[in-house]
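Q: I am in my first year and would like to look closely at one part of this protein. Could you take me through a single helix, and then through what surrounds it?

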Amino acid sequence: MSFQAMAWAVQLEDLPAREKFVLIMMANYANEKNVCWPSINTICRDTHLSKRTIIRIIKRLSELGLIKVEKNRRNKANWKSNSYEINMGVVGKFDPDLMRRYRAAKGEYKRRLLQELWVDNSPLVKVLLDQ
């Protein structure tokens, strides 16, 4: 368990309750490098949410830059559990809709959106520049 990852997930503001709950559960399984491997079924069991809901939440957390999903294969035919890297570079309050628009933007518009991502002096720009 990564106490730092759990403390970080708890302090995030403006994240819907279900997304925050799933992120905290992932942080609970994270190692010292903030990587975890819980299966979808494990997260479902821990949160009492449906498989479809968990898949949708994981996709959203990835789109927001809060986690990085790596699909792992056992062999060419079978999938192993995904691994999830928790991105603790995101701090404080953030605007999820603005981040989604940033990821889709190009050129000068992207640079202007990057400046808007400094919400309440929370430097989300670091996360976006590292990707």
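A: What follows is a close look at helix α4 and then at its surroundings.

The model is a predicted one, and a short overview helps before the helix itself. The protein has seven helices and five strands, and, read from the N terminus, these elements follow one another as α-α-β-α-α-β-β-α-α-β-β-α. Of its 131 residues, 43% are buried. The protein exposes about 8000 Å², and carbon and sulfur atoms supply 52% of that area. If we take the contacts between residues at least 6 apart in sequence, 55% of them join residues at least 24 apart.

Now to α4, which covers residues 51-63. This helix has 13 residues, and the distance from its first C-alpha to its last is 18 Å, close to the 18 Å expected at 1.5 Å a residue. Its buried residues are T53, I54, I57, I58, R60 and L61. They lie on the same side of α4, because they cover an arc of only 165 degrees around the axis. On the face turned away from that buried side, α4 carries the exposed residues R52 and K59.

The buried list of α4 includes R60, which deserves a second look. R60 counts as buried because its relative accessibility is 18%, and the cut-off for buried is under 20%. Along the sequence, R60 and R100 are 40 residues apart, yet their C-alpha atoms are 9.5 Å apart in space.

R60 is also one of the residues touched by E19, which contacts I57, R60 and L61 when residues up to four places away in sequence are not counted. E19 has its place in helix α2, and this residue counts as buried because its relative accessibility is 11%. The three contacts of E19 are thus with residues that appear in the buried list of α4.

L61 of α4 leads us to a second residue, L23, which touches W8, A9, L12, L15, L61, L66 and I67, again without counting residues up to four places away in sequence. L23 and M26 are the residues with the most contacts inside the largest nonpolar core, which has 25 residues. At least two residues of this core come from each of α1 (3-11), α2 (17-29), α3 (40-47), α4 (51-63) and β3 (83-86). The element that gives the most is α2, with five residues.

Helix α1 can be read in the way we read α4. Its buried residues are A5, W8 and A9, and they line one face of the helix, because their directions fall within an arc of 100 degrees when seen down the axis. Among the elements that cover these buried residues are α2 and β3. Two of the buried residues of α1, W8 and A9, are also among the residues that L23 touches.

Strand β3, which supplies residues to the core, belongs to an open sheet of three strands in the order β1-β3-β2, with antiparallel pairing. The edge strands are β1 and β2, since each of them pairs on one side only. Two bridges join β3 to β1, which is made of residues 35-36, whereas four bridges join β3 to β2, which is made of residues 67-70. Y84 in β3 is the bridge partner of C36, and Y84 is also the bridge partner of V69. The bridge partner of K68, in turn, is E85 in β3.

It remains to look at the chain on either side of α4, and at one loop elsewhere. Before the helix, H48 is found in the loop between α3 and α4; its phi is positive, about 65 degrees, although H48 is not a glycine. H48 counts as exposed because its relative accessible area is 73%, and the cut-off for exposed is over 50%. After the helix comes G65, whose phi is also positive, near 85 degrees. A further positive phi, near 60 degrees, belongs to N34, a residue other than glycine. N34 is found in the loop between α2 and β1, and N34 counts as buried because its relative accessibility is 15%.

To return to the helix you asked about, α4 has a buried side and, turned away from that side, a face that carries R52 and K59, while α4 also supplies at least two residues to the largest nonpolar core.

Technical notes: Residues are numbered from 1 along each chain as its sequence is written. This is a predicted model: local features need pLDDT of at least 70, side-chain atom pairs count only at pLDDT 80 or more; totals for chains, interfaces and linings use all residues. Side-chain values use heavy atoms; hydrogens and water are left out. A nonpolar core is a set of buried Ala, Val, Leu, Ile, Met, Phe, Trp, Tyr and Cys residues joined through side-chain atoms within 4.5 Å. Buried means under 20% relative accessible area, exposed over 50%, partly exposed in between (1.4 Å probe, protein chains only). Contact means heavy atoms within 4.5 Å. Accessible areas come from the Shrake-Rupley method with a 1.4 Å probe; for residues, only the protein chains shown count as cover. Two strands pair if DSSP finds at least two bridges between them. The expected span of a helix is 1.5 Å times one less than its number of residues. The arc is that of the directions from the helix axis to the C-beta atoms.
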